[in-house]
Every structure is written in structure tokens, then in C-alpha cells.
Amino acid sequence: MGIPVIFKNGEEKNVPSYMLDYLIREKKIVAFLRSSGWVQIGRDPIRKAQQPLTRSGERWSDFLFKRNQA
């Protein structure tokens, strides 16, 4: 089971939760489903408070995608 997302081409899929940050950052999705309803990227708040990264690899999803791209 994953998080339902809508890609830019309109395709709806379930993705693993660790991929959500990557998909948002790379602007590959337009919306995802929370327990409270759909969140539209660019319109609805995504996080209440997000701290900037001080170095690469601080998030598990960053590590996974950098490793897979190498």
C-alpha cells in the first residue's frame, strides 16, 4: 500500500511514502492524498514548518535517490 498521487499526465498511482518528497521536489506530481483529502501541489500547504537541509543526505529519500542515480 502506498500514497495515492496524481502525475502531471493525469495518471493516478500509489507510490511508497519515501518517494513523496522526491516527486514533489522534482515537480512530477500535481496532487497527493492525505487522510484529510487531496493536496494540490502549489496551492495547498504541504508542511507546517520545513527546516532547510544543512547537508545532503539528511533525509532517507535523498539518500535512496542519489544512490540509485549514481
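Which residues make up the largest nonpolar core? Keep that question in mind as you click around, and remember that this is a predicted model.

**Stop 1: the core**

Select I3, V5, F7, V15, L20, Y22, L23, I24, I29, F32 and V39, and show their side chains: these 11 residues are the largest nonpolar core. Now colour β1 (3–7), α1 (20–25) and β3, the elements that each give two or more residues to this core. Of these, α1 gives the most, with 4 residues.

**Stop 2: L23 and its contacts**

Stay with the core and centre your view on L23, one of its members. Leaving aside residues up to four places away in sequence, L23 touches F7, V15, K28 and I29. Try showing those four as sticks, with L23 in another colour.

**Stop 3: a pair of strands**

Next, select residues 29–34, which are strand β3, and residues 37–40, which are strand β4. These two strands pair in the antiparallel sense, over 4 bridges. Follow the chain from β3 to β4 and you'll go round a hairpin, where 2 residues make the join. Then pick out F32: what is its bridge partner in β4? That's V39. You have already met both F32 and V39, since they are on the list of core residues.

**Stop 4: an odd backbone angle**

Go to the loop between α1 and β3 and click on K27. Is K27 buried or exposed? K27 has a relative accessible area of 59%, so it counts as exposed, the cut-off being over 50%. Check its backbone too: phi of K27 is near 55 degrees, a positive value in a residue that isn't glycine. For background, most residues other than glycine have a negative phi.

**Stop 5: the salt bridges**

Here's a general idea to take along: side chains of opposite charge can pair when their charged atoms come close. How many salt bridges does a search of the whole structure find? There are 2.

- Select K13 and E11. Their side chains meet in a salt bridge, at 3.6 Å from N to O. K13 is partly exposed, with a relative accessible area of 42%, and E11 is partly exposed as well, at 34%.
- Select R43 and D44. These two form a salt bridge, and their closest N and O atoms are 3.2 Å apart. R43 is exposed, with a relative accessible area of 58%, while D44, at 22%, counts as partly exposed.

Conventions. Residues numbered from 1 in each chain as written. Predicted model: local features only at pLDDT ≥ 70, side-chain atom pairs only at ≥ 80, totals over all residues. Heavy atoms only, no water. Pairing = 2+ DSSP bridges. Core = buried A, V, L, I, M, F, W, Y, C linked by side-chain atoms within 4.5 Å. Buried < 20%, exposed > 50% of the residue type's maximum accessible area, 1.4 Å probe, protein only. Contact = heavy atoms within 4.5 Å. Salt bridge = Lys/Arg side-chain N within 4 Å of Asp/Glu carboxyl O.
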